[in-house]
Amino acid sequence: MFTEAACPIPLAPPLRPFRREDAAVVARLNNAASGGILLHHWQEKAGAEGDPWEIGRLRQIGRMEDGQTMVVVDRGEGVEAVLLGNPIGLEPMELAEAGIYLPVLELQNLVLGSWYLNDLATVESARRQGLARRLLDTAEAIARAGRHDLICLVVSDAHAPARALYAAYGYTEMARRPILKGGWDGPGNDWILLTKPL
């Protein structure tokens, strides 16, 4: 049984690999980064009687067990920020059963072979302290260690602070697709693919 996520580069405190006990906090951070679309998905999976946050918690553990890179910032008081990512394969992803994630997978299929920054989020009390920048540096180091020449991410057009941070870090827009909302009523009209050569 995995107890913590694998990481392809050494990490120095306050960075460390994700651990199973981090899953509940990381689920909430990932949902915040998604604008709430993840909670909507987890609610659908949980049904009327289930706990969507438990679905989200288990999903984070599943990501670890699937080999995703998961790095957290922990300055001794628990998780304050998280980075999740993985390489995108060389073959296009299957889209037939993508549901509301179809536009995101379409965008990922434009950058095959790149390193994908899946999630970057900071708890509100720890924002504007440089943690996101530290994790962005870490993401680039991980991508370089994997010999990727491009790092990419997908962000909602409604997430202005994140877009400003990525722009300051040299990410530029490559493409966008309309958000498929289904029953989700969150903000934003488009998913935007941002890329940065390494």
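## Strand 5

In this predicted model, the side chains of strand 5 point two ways. L150, C152, V154 and S156 point one way, while I151, L153 and V155 point the other way. Residues on both sides are buried. The count for strand 5 is seven buried residues of seven, so the strand is largely enclosed by the rest of the structure.

Strand 5 covers residues 150-156 and pairs with strand 4, residues 115-122. The sense is parallel, and the pairing runs over two bridges. Two facing positions can be named. W115 stands opposite I151 of strand 5. Y116 stands opposite C152 of strand 5.

## Strand 4 and its other partner

Strand 4 also pairs with strand 3. Here the two strands run antiparallel and are joined by seven bridges. Y116 of strand 4 has N86 opposite it. Y116 also stands opposite C152 in strand 5.

How many of the eight residues of strand 4 are buried? Seven are, so strand 4 is largely enclosed by the rest of the structure.

## The whole sheet

Both strands belong to a sheet of seven strands. The sheet is open, its order is 1-2-3-4-5-7-6, and its pairing is mixed. Which strands stand at the edges? They are strand 1 (15-17) and strand 6 (172-178). Each has a single partner strand, so one side of each is left without a neighbour in the sheet. From one strand to the next, the twist averages 25°.

## Helices across the sheet

Helix 1 spans residues 23-33. Helix 1 lies across strand 2 (69-74), strand 3 (79-87) and strand 4. Relative to strand 3, helix 1 runs at about 70°.

Helix 5 spans residues 131-145. The strands that helix 5 lies across are strand 1, strand 2, strand 3, strand 4, strand 5 and strand 7 (190-197). Relative to strand 4, helix 5 runs at about 165°.

## D190 in strand 7

D190 is found in strand 7. Is D190 buried or exposed? D190 has a relative accessible area of 17%. The cut-off for buried is under 20%, so D190 is buried.

The side chain of D190 makes a polar contact with the side chain of R176, at 3.2 Å. R176 is also among the residues in contact with D190 once neighbours within four places in sequence are left aside. The others are V155, S156, D157, R177, P178 and I179. V155 and S156 are buried residues of strand 5.

## Aromatic rings and charges

The whole structure holds two aromatic pairs. One of them is formed by W42 and W53. The ring centres are 5.9 Å apart, with 65° between the planes. Planes over 60 degrees apart count as edge-to-face, so this pair is edge-to-face. W42 lies in helix 2 (residues 37-46) and W53 in helix 3 (residues 52-65), so the pair ties together parts that are 11 residues apart in sequence.

How do the two rings compare in exposure? W42 is buried, with a relative accessible area of 3%. W53 is partly exposed, with a relative accessible area of 23%.

W53 has another partner. R28 lies over the face of W53, at 3.9 Å from the ring centre. Elsewhere, K181 places its charged end over the ring of W184, 5.5 Å from the centre of that ring.

Note on methods:
Residues numbered from 1 in each chain as written. Predicted model: local features only at pLDDT ≥ 70, side-chain atom pairs only at ≥ 80, totals over all residues. Heavy atoms only, no water. Phe/Tyr/Trp six-rings, centres within 6.5 Å; stacked < 30°, edge-to-face > 60°. Helix = DSSP H or I, 4+ residues; strand = E, 2+ residues; numbered from the N terminus. Buried < 20%, exposed > 50% of the residue type's maximum accessible area, 1.4 Å probe, protein only. Lys NZ or Arg CZ within 6 Å of the ring centre and 35° of its normal. Pairing = 2+ DSSP bridges. Axes fitted to C-alpha atoms, helices over the stretch in contact; angles between N-to-C directions. Contact = heavy atoms within 4.5 Å. Polar contact = N/O pair within 3.5 Å; in protein donor to acceptor, adjacent residues only side chain to side chain.
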